[in-house]
Amino acid sequence: MNSWINLHALWQIVVFGLLAGAGLPALFAVGLRALSLPGGGAGTASATTAGADDDDRVVGGSTLGLAVAVLCFAVVLAAVGWGIYLIVAAT
């Protein structure tokens with residue numbers, strides 16, 4: 001092994017970079033998609049705005065989709081908060 005390059009640390013950085021750089025935006029996109037899942041009719045009255053059509057809704061009426069979206073957004077926010085904590089704690 002080369003004394004200038006630590007391959008073990010390099011692989012850890014690559015894997016973490018892939019997870020944080022591509023995984024978190026993908027998880028956020030999954031949350032947005034789950035948020036717009038059509039519902040089965042329950043909760044549609046609270047999701048629509050007054051006078052808007054059902055096609056104009058941003059939030060679908062699916063309870064499962066809303067739960068998945070909240071979980072995805074919570075994981076993304078926790079990862080961002082953890083990253084900020086690591087940066088601030090290291091300075």
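With a relative accessibility of 64%, above the 50% cut-off, Leu64 counts as exposed in this predicted model. Leu64 belongs to helix H3, and its C-alpha atom is separated by 8.8 Å from that of Gly39, a residue 25 positions away along the chain. A second leucine, Leu18, is found in helix H1, which spans residues 7–35, and Leu18 likewise counts as exposed, because its relative accessibility is 57% and the cut-off for that class is over 50%.

Leu18 also takes part in a nonpolar patch on the surface, together with Trp4, Ile5, Leu7, Leu10, Trp11 and Val14. The accessible area of these residues, taken together, is about 820 Å². Across the protein chain, which holds 91 residues, buried residues account for 11%.

As regards the overall arrangement, the protein chain contains three helices and zero strands, and the pattern read along the sequence is α-α-α. Two packed helices are described by the angle between their axes and the distance between the axes. For H1 and H3, the latter covering residues 63–90, the angle is about 150 degrees and the axes lie 8 Å apart. Because angles over 145 degrees count as roughly antiparallel, H1 and H3 are therefore assigned to that class with respect to each other. The crossing in which H1 passes H3 is left-handed.

How values were computed. Residues numbered from 1 in each chain as written. Predicted model: local features only at pLDDT ≥ 70, side-chain atom pairs only at ≥ 80, totals over all residues. Heavy atoms only, no water. Patch = residues over 30% accessible without salt bridge, like charges linked within 9 Å, V, L, I, M, F, W, Y side chains within 5 Å. Areas by Shrake-Rupley, 256 points an atom, 1.4 Å probe, with all protein chains shown as cover. Salt bridge = Lys/Arg side-chain N within 4 Å of Asp/Glu carboxyl O. Helix = DSSP H or I, 4+ residues; strand = E, 2+ residues; numbered from the N terminus. Buried < 20%, exposed > 50% of the residue type's maximum accessible area, 1.4 Å probe, protein only. Axes fitted to C-alpha atoms, helices over the stretch in contact; angles between N-to-C directions. Parallel < 35°, antiparallel > 145°, perpendicular 65-115°, else oblique. Left-handed = near helix turned anticlockwise from the far one by under 90°.
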